[in-house]
Amino acid sequence: MSKEPLSRDRTRRVLAGASVVTALLGALAVLPSSAGEHGTTTATPLAADPAARHPERGTGVPGADPLGPPPRPSAPCAWWYGIGEPPTYPDLKFAAQHYDLVVLNATETAAMHRLHKLNPKIKVLVYKDFSSTRNYPGAVIGNQDAPLLPSGVGYVEAQQRNPEWFAVDTADKRIEWGGYPQHWQMAVWDEKYQRAWADAVTAEVVREGWDGVLADNDFSSLKYYSKAVLKGTSDNAATDRRIRDGMDRFLEVAGGALHKAGKMLIPNVSESQLTPGRWSAHSRFDGAMEENFGLRGSGADGELVTFEGNEFKELRAQAALGESWLLLVTKTQGHREERVGYATAALLAGPYTCWHGASTADYQDPDWSPYQDAELGEAVESANRLPAGAWTRGFTNGWVAVNPTGKPVQVNPPPGLVTVDGAPVSTPAELAATDALVLVKPETPATTSPATTPKPTTTAPKPTTTTKPTTPATTPTPTTATQPVTTTQPTPTATSGTPTPPTPKPAPAL
């Protein structure tokens with residue numbers, strides 16, 4: 001299927017609670033087995049319109065018809081964490097044709113409405129930060145909070161009416177995030193702050209017409225932004241417990257308010273591999289985002305962080321239920337990360353498993369990977385773990401394998417499959433440490449006569465567009481705090497206007 005190419009006048013690389021946990025983990029028991037299902041499903045060609053590929057998607061909350069057939073475990077859908085530069089019209093047109101879900105800054109209401117017009121079934125969420133307020137130019141204009149903020153509570157409002165909402169350290173000093181000037185940690189455990197955030201954000205989402213909220217910085221540790229110890233706690237561990245407990249309650253308040261208004265809440269959950277059950281609990285409304293998906297841990301023998309702890313099991317159970325979104329981001333610094341990210345997402349393939357291979361740290365490009373053109377089809381088995389540690393999964397049109405370990409392993413691909421570039425693969429095949437394979441059925445040769453004139457290319461020529469201007473000070477753009485990929489723990493996001501770099505999570509800025 002031909003894609004309308006994006007064009008820019010700069011060089012760009014186009015990527016060639018407990019009951020909740022119990023229910024999600026219980027889904028693993030009903031995953032289909034690998035026996036007797038190969039070849040039982042006819043592959044459905046991909047369509048340019050995401051809704052045509054996945055007709056069961058598009059109602060905001062999965063499972064719109066409880067009496068209908070269960071949604072199909074299709075190959076990963078695509079989404080865009082578009083919190084970088086303001087999107088151009090070509091960006092939006094491309095997004096409407098290729099993505100099931102897009103996240104934009106609060107100032108991009110016109111872009112949101114255009115996306116809805118171009119594709120009425122696409123979901124467009126607004127970026128809001130759970131954990132900070134900001135007073136950099138753009139978030140504060142003159143002596144007033146900007147009308148559209150990257151946070152839920154404005155700096156000026158909190159300063160004048162509720163200064164106790166600013167978190168302070170043991171010396172009674174407010175906590176500014178390291179690397180993100182004028183981003184201030186808020187008392188996420190304060191019930192009045194939680195309610196004020198939920199009320200303000202819900203009112204804005206309803207008023208402006210967003211489908212819901214992507215809530216950033218649902219983090220479990222302050223250490224990625226500050227070494228401060230919160231007033232009233234004894235040490236950093238106690239500080240982090242206060243934040244985690246506060247976020248657990250905060251999520252319930254915010255999700256309840258948004259759902260009552262018919263809107264979605266998807267938090268950007270960090271370090272979920274460190275706390276069993278955290279992903280399942282924090283994805284209980286409409287799903288969750290994993291911004292450090294498929295990254296390799298530190299050290300020469302580092303393994304894939306996603307498979308550490310209980311996270312992969314919880315992701316797998318959630319995907320199998322097919323009732324909420326898994327929004328997965330892989331920072332694709334090279335072909336290996338791109339391959340691993342997509343293949344690992346395919347292991348989790350379900351009706352709402354969406355993957356984004358981000359080629360830029362600030363997510364300014366609506367990226368598209370050749371693997372997303374692979375047309376794997378539908379999964380015909382659950383993901384299977386081999387004795388050596390690798391995982392495999394079969395699809396109607398292909399097969400994927402992921403080696404999350406720090407050592408090479410051998411896998412046995414089904415015969416007759418090729419790489420997305422058309423290259424054959426030997427059996428058995430050696431799969432390098434923290435690497436993956438994505439294989440598909442070879443293309444059927446064209447049946448046209450040799451004398452027939454070759455078909456012209458169907459890909460539209462790239463138009464030349466003017467360089468995107470730097471986001472104006474009045475436009476919030478999330479920033480993402482970056483930790484080296486070698487870190488075994490993903491980090492929270494932080495900065496409007498500049499989304500999360502490699503390992504840390506973004507916090508937009510205006």
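Biologist: Where does Asn-119 lie in this structure?

Modeller: Asn-119 lies in the loop between α4 (109-118) and β3 (123-129); helices here are DSSP runs of H or I with at least four residues and strands are runs of E with at least two, numbered from the N terminus. The model is predicted, so local features need pLDDT of at least 70 and side-chain atom pairs count only at pLDDT 80 or more, while totals for chains, interfaces and linings use all residues. Residues are numbered from 1 along each chain as its sequence is written, and side-chain values use heavy atoms, leaving out hydrogens and water.

Biologist: Why does Asn-119 count as buried?

Modeller: Buried means under 20% relative accessible area, exposed means over 50%, and partly exposed lies in between, with a 1.4 Å probe and protein chains only. Asn-119 has 4% relative accessibility, and therefore counts as buried.

Biologist: What does the side chain of Asn-119 reach?

Modeller: The side chain of Asn-119 reaches the backbone oxygen of Ala-96 at 3.1 Å. That value fits a polar contact, which is a pair of N or O atoms within 3.5 Å; within protein, one must be able to donate a hydrogen and the other to accept it, and residues adjacent in sequence count only if both atoms are side-chain atoms.

Biologist: How do you know that a disulfide joins Cys-77 to Cys-354?

Modeller: A disulfide is a pair of cysteine sulfur atoms within 2.5 Å, and the two sulfurs of Cys-77 and Cys-354 are 1.8 Å apart, so this pair qualifies. By this rule the count is one disulfide. Cys-77 belongs to strand β1 (residues 77-81) and Cys-354 to strand β12 (residues 353-358), so the link ties together parts that are 277 residues apart in sequence.

Biologist: What makes the link of Cys-77 and Cys-354 left-handed, and are these cysteines buried or exposed?

Modeller: The angle about the S-S bond is -90 degrees, and the link is left-handed. Both Cys-77 and Cys-354 are buried.

Biologist: What is known about the cover and the partners of β12?

Modeller: Six of the six residues of β12 are buried, with Thr-353, Trp-355 and Gly-357 on one side and Cys-354, His-356 and Ala-358 on the other. Two strands pair if DSSP finds at least two bridges between them; two bridges join β1 to β12, so these parallel strands meet that rule. Strand β11 (residues 325-331) also runs parallel to β12, and six bridges join them; in one of these, Leu-327 has Cys-354 as its partner.

Biologist: Why does the length of helix α7 agree with what is expected?

Modeller: The expected span of a helix is 1.5 Å times one less than its number of residues. For the 25 residues of α7 (residues 236-260) this gives 36 Å, and the end C-alpha atoms are 36 Å apart, so the two agree. At the start of α7, a side-chain oxygen of Asp-235 comes within 3.3 Å of the backbone nitrogen of Ala-237, and after α7 comes Gly-262, whose phi is positive, near 80 degrees.

Biologist: Why are β13 and β17 said to stand at the edges?

Modeller: The open sheet of five strands has the order β13-β14-β15-β19-β17, with antiparallel pairing. β13 (384-385) and β17 (418-419) each have a single partner strand, so one side of each is left without a neighbour in the sheet. Within this sheet, β14 (residues 391-395) and β15 (residues 398-403) pair over five bridges, and Phe-395 stands opposite Gly-398.
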